[in-house]
Every structure is written in C-alpha cells, then in structure tokens.
Amino acid sequence: MAKDLVSFQLVKFLEARGVDHIFGLCGHTLIAFLDALKESKIRYISVRHEQIAAHAADGYSRGRGCQVPGVVMTHLGPGMTNAATGVAEAGLNSIPMVVIAGDVPTCYFGRHPHQEVNMHSDASQYEIYRPFVKRAWRVDRPELLPEVMDKAFRLAVTGRSGPVLVDIPMDIFEMEVDTRFFEQRIDNFPELPRPALGEKAAEEIAAMLAEAESPVLYPGGGVISSGASQALTELASFLDIPVLYTLMGKGAIPDDDPHAVGMTGFWGTEFNNTLAMNADVIMAVGTRLSEADCSSWYQGETFDIPPTKLIHIDINQEEIGRNFKTEIGAICDAKLALEAILAAAKRKYPAGVKRPEMLSRIAEAKKAYRETLVGAQKSEQFPMRPERILKELRDALPRDGFVVADVGWNKNGVGQQFDIYEPGTFVAPGGLCTMGYGPSAALGVKIANPDKKVVALIGDGGMGTNVSPFATAAVDGVAVVWVVMNNCAFGTIAGLEGQHYDHQFGTTFTRGGEPYSPDFAAIGEAYGIRGRRITRACDFKPALEEALSSDEPCVIDVRMENAPVVTWGCWNINDMYRRRGEEKPWRQWQWEDVEPWYMKELREQKSKAREASKAVQAGKRLKAPR
C-alpha cells in the first residue's frame, strides 16, 4: 500500500485536472501546500491581498472562455474574508472558480485557536461563503479530500457555472494517505451533457422570430461563456434580426456587425431602448434580465412586456419568469439552444428572412450616435474628455485585444461607446459591481492570454483601492497596461450626489480645497514597472501605443474631466433621492398601488408614444420584402 502526504497528492491531482496557475497568498495553514507546489509545474502567482487573488482567478477563467475554473489559495480567517468579495463577484457573474482554503487543525476545533471563526458553531469559517458559492465543503478526513476535489471541479463548470469552496484543516495537508484514494479520482472525467432544446420548441421559437414584425435578439453573458456567439451571429444574419445586449453580453456579437445595435437599460442609448420597447418579440438568452439593463424593470422605459412577447432561455431555471411575464421559457445551454433554433429556422424558412429597412435604421442610428461623440473625441482640452480616451484606446488596441474595466465611466462608457469585436474580450464586474475588480482581474486575463494585448481601464477610485497588482506584475512579468482615468473622484457617485443634492460631499478627493490624486505612474515605478503621467491630451495615444508595443507592465495616469455618462434609460434610485422638504413623485413599488410598476400617467404617455411609433413603422414594413 503506497502512502504519500496529502499536500503532494493534492498537487498531483490539480496537475492532472489541467490546473496550470494558482492565485494566492500564504499563511501558516498553507505552508505544507506551498511545499508541495514548489516543485510542481503549476505556476503559483503570489499576490499581496486575497481579494486580488480572487479577482485574478476570475479574470483567468474569463480569459479562458469560462471553460476552466480559476483556482484560488487562501489562508483562514482574514484571508478568507479578504477574498470573499472577489469570490462573491465571481458567483454573481457565473464564473467558475475553485477556492482552496486552509483551516485550523482538526484537533483544535472549538478551542478558539489562532484566527478560528467560531462565533455560532465550532470551526465554521467555511460557512461564511455559503451565500455566494455553489457549495462549500469542509474536509475533516484525508481520505475524503480526493472525492471532494473531484466534485468541486465538476460542479464549478456545470449548470450555471460558479465558485466552490474546499476548506482544508492544516493538519490534513500533513497527513499521509493511501494514494489509491486519489488514484480512483484523478482521471474521473465523465462527459457531462449540457441541457439542449427540443426540436419542437426550437421550431416554435424559430417561427415566432421569423414571423414577428419587430423581433429582437437579446444575449447576456451566458452566450459568451457557453461559446454561443457564432450561433447567435448566424441566427441574426439568417433572420435579419437586430441584436441588443446586456452589459455582460457585450461582445456576444461583433459591434461592427450590421445586426449589432448596442446596450440597453440605464446606460443604453435612446435608439436602443426605443427599439427594445417597440419589439413585438424578444428572445433573451443567457441573461438574468437584471436591473440596470432593464431600467429597473419599469414598463415603458426599456421593455414593454407585455404586450411584447418574451422568450427567455437560460441554464438556470430560477431566472425564467423572475422579472417579466414569459411567453416561452427554456432551461438549456445557450449554445445548444441557439444552434437548434438556427437549424429549425433553416428547415422552416430555407431562404431566410430579409428586413433591409431595419438594417438601414440601425446603420443610421449608429452613425448618428457616433457623430454626437466626435467633438469630445477630438477635444484638446486637459483634463481630457473621457470620450477621447476611449476613442484613442480603441484605435491603439488590436481587434482581439482585451479591455478589463472596473466600475464607473470605464465600464459604462465602454458599454456605450467602445466597439468590441471578439467574444470575451470585454471583461467587467457585473453582478456585484466591485470597485477594484479591474486592476486585479487584468492580471488573470493576461496570464491566460500571454500573446494578447490586455488593457485595464480603471478609475482613480478603483485603482486606489489596491495598487499592489503592480507588484505581482513586476515579479511575474505580467504585461498589463493599466490606464487610470483620473478624475479625482468616485465619479459616478459624485455625479449622482451633485445631480440630486447640489453638492459632492464625501465623493471627491481634495487636499487644501484643490482636487487631489496620488501619482499612479510614480507608484507603478516604485513597484518596478513602467509609469507615465499624461499632461497633455496629445500625449496620451503615443504613450499608450508605446506601452502596448513594449510588452511590459505599465501604468498610464491620465487626468480626465468628471463628465457624466449620458443616460437614456431609468434607474429607480434616481426616483428615491429627495432633499429635505422636496415634493417628488415616486415610482417605487408600493403595495397599495393599483398599478405598482409605474405611475398611471407615465403609462399613458408611453403607450401613446409607442402606438405612434408603431404606426410609423407599420407603413415602412409594408414595403419590406421577405
């Protein structure tokens, strides 16, 4: 009977599962694991804060198309609580991740050894993660670890992907185990069929889309993570259907495709939201239909469901019918669903469907919107206009380059104005919207794609949360280019506060009454990477091109005007803000309201506008050949 230390058998298991990088931070519970990793072919990426490890592992998985889980190693207590935000962000965005956490020795459970969490039950630190992981295990016997690890890696990537936690007491790492326990599990790779769409349902959906007057395809992040972008694009082309998308669905179709329209919701454009509202059939795929994308679900702002008929396809049954009345719901994989619908459409309508009038309207609207940006994109003012920063970044970045955003202008502005051409090359925090996500996630994206250009587009608020990704980049040679859009503020919140309360208390950075910001370029140089501080608008693009061509980590600090992202949709927090003594109609859900989602007069106004728009379009559609 062969025996080996659990720590070495665990590393062997991870190697066999294809793990090539682990992101983590040391602690006394993990030293035995580090000892085993030292001689492994797995590359250990050491960070300076556990939240960075989680975000980097998230970015790594997204950089690999969400087909493999990112792996995080963290210490107990503060290590786990520090990592929790990054793990929760991954959970709300359906990013596969395996978290390996050290714990107190089993013999000390309940005695309150150093850093034990046991406020409500003994050795209960793993329970901290239960609200945002798919499952949390604590392994109390060495023989159980291989079975748990096997389950963890499979669960992370099946169904709705997400993070899992394996909590291992430190003495378990040090124990000897019969190697047969690991050998039984090390090559357990069963084919796990993904749920597909039946032929009858596919034909029914294809008919609804083909015969609708104003259909819309509406992909979310699930289309990208399932590898369904090609099927989506082919379906849009075959049936000539416009494609709107959620923020997380940006990149599901190339933005220069004639069927691609843009993002909806609070940060969507007027044309995009109007197109969605006037649709008679919408097929949402791989999306939760979340608040910002749907204008807080107010009827007549982005969607008008009903009378618009909703087809909702998602891997998670809980999402179907959650926020809107659903005509057809399907619980299945996005790629298999879109392929089945495309095949059904080709059988039923072999010549396809042509809607040239719609494509012409899309092209005109996109051109008109781009023209509204030209003045700001060419402005020589300094601090720079954010529109120029985005335009010059798009000009300098290759078509397959990655943009990793944080929260604020760098995410919402990209959603509106920045064309994405390849699926998965736009990486941003969605569900949890964590400030500080981008600087760290970019490390993982670049490590997963060493031959691609990766730019982290970050506000100074987000960059200030943790600058130590610079250290990891310097040590490991991770050639990310950080562009800090520096407006000396938590810009989005400052804008909301100024709009509703006429001040920006607690949201702007000042020193002695003047705008203040650290010199992030100097900070980068102090960490050992290249740094460049921009002082003129004309210097930004050359500095960016030089940084991208150098293939070295670099930070570019560029002062930017704190200009708001123009919004056409609705976010009901704006209906809730009110100053003392202000009389303001609310559109919150009041239980006693007869029409709880909207004011009656607003409904009437929107209905009249919709009918007028439909009448105009009906006249145009009569001329559209099929």
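**Charge, fold and confidence across the chain**

To start with charge: the chain carries 69 positive and 81 negative charges, and their mean positions sit 4 Å apart. This is a predicted model, and the predictor's confidence comes up again further down.

Next, the overall build. The secondary structure adds up to 23 helices and 22 strands. The radius of gyration comes out at 26 Å, close to the 25 Å that the globule rule gives for 626 residues, so the chain is as compact as a globular protein of that length. Laid along its principal axes, the C-alpha trace covers about 80 × 65 × 55 Å.

How do the residues pack and connect? Of the 626 residues in the chain, 56% count as buried. Looking at contacts between residues at least 6 apart in sequence, 75% of them link residues at least 24 apart. As for the outside, the accessible surface of the chain amounts to about 25900 Å², and carbon and sulfur atoms account for 51% of that area.

Now for confidence. The chain has a mean pLDDT of 91, with 93% of its residues at 70 or more. Residues 590-599, though, have a pLDDT below 50, and this stretch makes 15 contacts in the model beyond near neighbours in sequence. Residues 620-626 also stay under 50 in pLDDT; for these residues, the model shows 12 contacts beyond four places in sequence.

Conventions:
Residues numbered from 1 in each chain as written. Predicted model: local features only at pLDDT ≥ 70, side-chain atom pairs only at ≥ 80, totals over all residues. Heavy atoms only, no water. Helix = DSSP H or I, 4+ residues; strand = E, 2+ residues; numbered from the N terminus. Rg over C-alpha atoms; globule rule 2.2 N^0.38 Å. Buried < 20%, exposed > 50% of the residue type's maximum accessible area, 1.4 Å probe, protein only. Contact = heavy atoms within 4.5 Å. Areas by Shrake-Rupley, 256 points an atom, 1.4 Å probe, with all protein chains shown as cover. Lys, Arg positive; Asp, Glu negative; His and termini not counted. Charge placed at Lys NZ, Arg CZ, Asp CG, Glu CD. pLDDT = per-residue confidence, 0-100.
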